[in-house]
Amino acid sequence: MALRKILLNGDSALRKPARPVEKFNRRLHLLLDDLAQTMYDANGCGLAAPQVGILQRAVVIDLDEEDSELIELVNPEIITSEGEDEAIEGCLSIPDIRGHVTRPKQVRVRAQDRFGVFFELETEGLLARCVCHEIDHLEGCLYIDIMSRQATEEEIAAAAESDKEKK
Ligand SMILES: [Zn+2]
């Protein structure tokens, strides 16, 4: 496993649609392992392959909550989404700011695992938000494209404080 360099906003790779993964081989497994290691190293809760310059439809997510575990999504697709929820969002490729983004409350996603086996995942709240954010990366879309406004320092501090209380 190895840490990969996270591309920053302004890099053209972040704006290109990613290709479907067709080969579920060692190369893919290495990519997924590297994505996870790079995400944990950067203290993020999700990372998509285009963020490390690989235009393939693969993402990793781990909310780093008590009962959370690493989720690997290959060729993910949102099947249904319900409700609306606004919260402050950030991105490892846009380290300096955060913004208010409205996302679905619940999302059902269909994806393949690292061996190509299809599965479905029912998500809500922060996990649903994270899934939508990472899938957007596969389309070359960043949250700053859809945020209502940038979050203020005070709002970011308040959100961090309430996160701490939850843990
Ligand atoms: Zn992101």
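Leaving aside its neighbours within four places in sequence, which residues is Asn-75 in contact with? The legends below take this up and then move on to other spots in this predicted model.

**View 1. Asn-75 and its contacts.** Let's start with the answer: apart from neighbours within four places in sequence, Asn-75 is in contact with Pro-20, Val-21, Phe-24, Arg-57, Arg-110, Ala-111 and Gln-112. Asn-75 itself belongs to strand E3, which covers residues 71–82. Its relative accessible area is 13%, so Asn-75 counts as buried. Look for Val-21 once more: the side chain of Asn-75 reaches the backbone nitrogen of Val-21 at 2.8 Å.

**View 2. The zinc ion and its protein donors.** Three atoms to find here are SG of Cys-91, NE2 of His-133 and NE2 of His-137, the protein donors of the zinc ion. They lie 2.0 to 2.3 Å from the zinc ion. Try locating the donor residues in the sequence too, where their spacing reads C-x41-H-x3-H. Are these residues buried or exposed? Cys-91 is buried, because its relative accessibility is 11%. His-133 and His-137 are buried as well.

**View 3. Helix H2, home of two zinc donors.** Helix H2 runs over residues 125–138, and both His-133 and His-137 lie in it. These two histidines sit four residues apart, about one turn of the helix. An α-helix has 3.6 residues a turn, so residues three or four places apart point the same way. From its first C-alpha to its last, H2 reaches 21 Å with its 14 residues, close to the 20 Å expected at 1.5 Å a residue. Just past the helix, look for Gly-140, which follows H2 and has a positive phi, near 80°.

**View 4. The surroundings of H2.** Why can H2 be described as largely enclosed by the rest of the structure? The reason is that 12 of its 14 residues are buried. Among the buried residues of H2 are Leu-127, Ala-128, Arg-129, Val-131, Glu-134 and Leu-138.

**View 5. Cysteines without a disulfide.** You can stop hunting for disulfides, as a search of the whole structure finds zero. Cys-130 is a good example to zoom in on: Cys-130 is in no disulfide, and the nearest cysteine sulfur, that of Cys-45, is 3.6 Å away. A disulfide would need the two sulfur atoms within 2.5 Å. With a relative accessible area of 5%, Cys-130 is buried.

Definitions and conventions: Residues are numbered from 1 along each chain as its sequence is written. This is a predicted model: local features need pLDDT of at least 70, side-chain atom pairs count only at pLDDT 80 or more; totals for chains, interfaces and linings use all residues. Side-chain values use heavy atoms; hydrogens and water are left out. Buried means under 20% relative accessible area, exposed over 50%, partly exposed in between (1.4 Å probe, protein chains only). A polar contact is a pair of N or O atoms within 3.5 Å; within protein, one must be able to donate a hydrogen and the other to accept it, and residues adjacent in sequence count only if both atoms are side-chain atoms. Contact means heavy atoms within 4.5 Å. Donors are N, O and S atoms within 2.8 Å of the metal (3.2 Å for Na, K and Ca); water is not among the atoms, so sites may look incomplete. The expected span of a helix is 1.5 Å times one less than its number of residues.
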